[in-house]
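Here is a walk through one model, from its inner spaces out to its sheet, a helix and a loop. Keep the viewer open and follow along.

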Amino acid sequence: MGEVIVVTSGKGGVGKTTTASNMGAGLAENGYIVCLIDADIGLRNLDVVLGLENRVVYDITNVISGKCKINQALVKDKFFKKLFLLPAAQIKDKMSVTPEEMCELCNILKEKFDFVIIDCPAGIERGFKNATAGAENAIVVTTPEVAAVRDADRIIGFVGACGLPSPRLVINRFRPKMVNAGDMMSIDDILDILSVDLLGIIPEDELIIVGANTGELVIKDGNSLSGQAYKNVVQRLKGNEVPYLELQKSNFFSKLSKVFSRQ
Amino acid sequence: MFKFPCKNSTSSSVAKERLRFVLLSDRTSINPELLYDLENDFIKVISKYMEIDENLLELNINKDAGNVMLKANLPVKRVKTY
């Protein structure tokens, strides 16, 4: 029996889809059979992030309405052989899927997959309710910004209200240099405020944008810092303890410049 | 004791303070002014029975598993006797 995890954030643009896709790919790389569900009805995204947009035939609403079988709608990843995508529908009516139907779908999927990862849409409306309905665990993504952390706090509350256990936090777009300069909240600042467990810290990385351009995931690149950070997230999901990347360590020159800037 | 003037004006510390404020308000739907009044009333009521250190008084709102909890730390100097 697999585990159903929802990746959510409240605020848009903080990296839910990036996190869900890299996590899914990393788990698949580790031998698990993984299904990624794009729960953003009307704004399908996960297919382009994975570079699978040309292979989508059926979508989640077709499965729910019985127009096709689940296996017909699942798109197999090009690179990760154990990774599958269930695409969102590009229809306007978000109400076409109910939380009960999502719950039923997740129950069927977790019989076949080791992990079912749901990419939740931004906001707290129907899309959020659908995405959380069948989930057993939640991961909240935030960035070190006031607006994102505020929304993360709200979402942590809503996740608890759904009856899910306390979510784990992924802090995305982290910039160690800015933290050292006092211009970005630190990991401790954020954890202090949100009081949830940390699952990962993903440094800001241009390679994520490059990967999004070509439809390739950064986790494929083991040499990239963000790819390594996602690999660590995957290990922690597996239950292994992995130290956090030393992002805040400053080099000699930045220490020196700090000394001078104090005067 | 001599204290260095606290230069606590990095933009990240401002961010943290703003966040604390906005979350306190979000979590409780109580506006900050009301929270201030509450603190003062607390002092009034408790002071009827015991002498408390007002400078060390702390009022906090904590959220735990969907429940909101108001926590007041009221350091007691002396219990009044009648």
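## Ground rules

A cavity here is found on a 1 Å grid over the protein atoms alone: it is a set of points where a 1.4 Å probe fits but cannot get out, and its lining residues have an atom within 4 Å of a point. Grid points are joined across faces, edges and corners, and a volume is the space filled by probe spheres set on the points.

This is a predicted model, in which local features need pLDDT of at least 70 and side-chain atom pairs count only at pLDDT 80 or more, while totals for chains, interfaces and linings use all residues. Residues are numbered from 1 along each chain as its sequence is written, chains are lettered from A and ligands numbered from 1 in the order in which they are written, and side-chain values use heavy atoms, with hydrogens and water left out.

## Two cavities

Searching the whole structure turns up two cavities of 30 Å³ or more. The largest holds about 40 Å³ of space. Around that one sit Gly200(A), Ile201(A), Ala229(A), Asn232(A), Arg236(A), Tyr244(A), Leu245(A) and Leu247(A). Strand 8 and helix 11 (225-237) of chain A are the elements that give two or more residues to this lining, and helix 11 of chain A gives the most, with three. (Helices are DSSP runs of H or I with at least four residues, strands are runs of E with at least two, and both are numbered from the N terminus.)

By class, the lining of the largest cavity splits into five nonpolar, two polar and one charged residue. For that count, Ala, Val, Leu, Ile, Met, Phe, Trp, Tyr, Cys and Pro are nonpolar, Asp, Glu, Lys and Arg are charged, and the others, Gly among them, are polar. The second largest cavity has about 30 Å³ of space. Its lining is made of Ala39(A), Asp40(A), Ile41(A), Lys94(A), Pro121(A), Gly127(A) and Asn130(A), which come out as three nonpolar, two polar and two charged.

## The eight-stranded sheet

Chain A has an open sheet of eight strands in the order 3-4-2-5-1-6-7-8, with mixed pairing. Strand 3 (75-76) and strand 8 (197-203) of chain A are the edge strands, each pairing on one side only. Two strands pair if DSSP finds at least two bridges between them.

Take strand 2 (residues 34-38) of chain A, which runs parallel to strand 5 (residues 115-119) of chain A and is joined to it by five bridges. Across that join, Cys35(A) stands opposite Val116(A), and Asp38(A) has Asp119(A) as its bridge partner. Strand 2 of chain A also pairs in the parallel sense with strand 4 (residues 83-86) of chain A, over four bridges; there Cys35(A) is matched with Phe84(A).

In a regular strand the side chains alternate between the two faces of the sheet. In strand 2 of chain A, Val34(A), Leu36(A) and Asp38(A) point one way, Cys35(A) and Ile37(A) point the other way, and all are buried. (Buried means under 20% relative accessible area, exposed over 50%, and partly exposed in between, with a 1.4 Å probe and protein chains only.) Further along, strand 6 (residues 137-142) and strand 7 (residues 168-174) of chain A make a parallel pair over four bridges, with Ile139(A) partnered by Arg168(A). Strand 7 of chain A is mostly covered, with five of its seven residues buried.

## Helix 1

How buried is helix 1 of chain A? Of its 14 residues, 12 are buried, so helix 1 of chain A is largely enclosed by the rest of the structure. Among them are Lys16(A), Thr17(A), Met23(A) and Leu27(A).

The expected span of a helix is 1.5 Å times one less than its number of residues. For helix 1 (residues 16-29) of chain A that gives 20 Å, and the end C-alpha atoms are 20 Å apart, which agrees. After helix 1 of chain A comes Gly31(A), with a positive phi near 100 degrees.

## A loop residue, and chain B

Glu216(A) lies in the loop between helix 10 (206-214) and helix 11 of chain A. Its relative accessibility is 41%, so Glu216(A) counts as partly exposed. Leaving aside neighbours within four places in sequence, Glu216(A) is in contact (heavy atoms within 4.5 Å) with Val49(A) and Gly211(A).

Chain B has two helices and four strands, running α-α-β-β-β-β from the N terminus on. Of its 82 residues, 20% count as buried.

Definitions and conventions: 1 Å grid on protein atoms, 1.4 Å probe; cavity = no way out; pocket = protein on both sides within 12 Å on 5 of 7 lines; lining within 4 Å.
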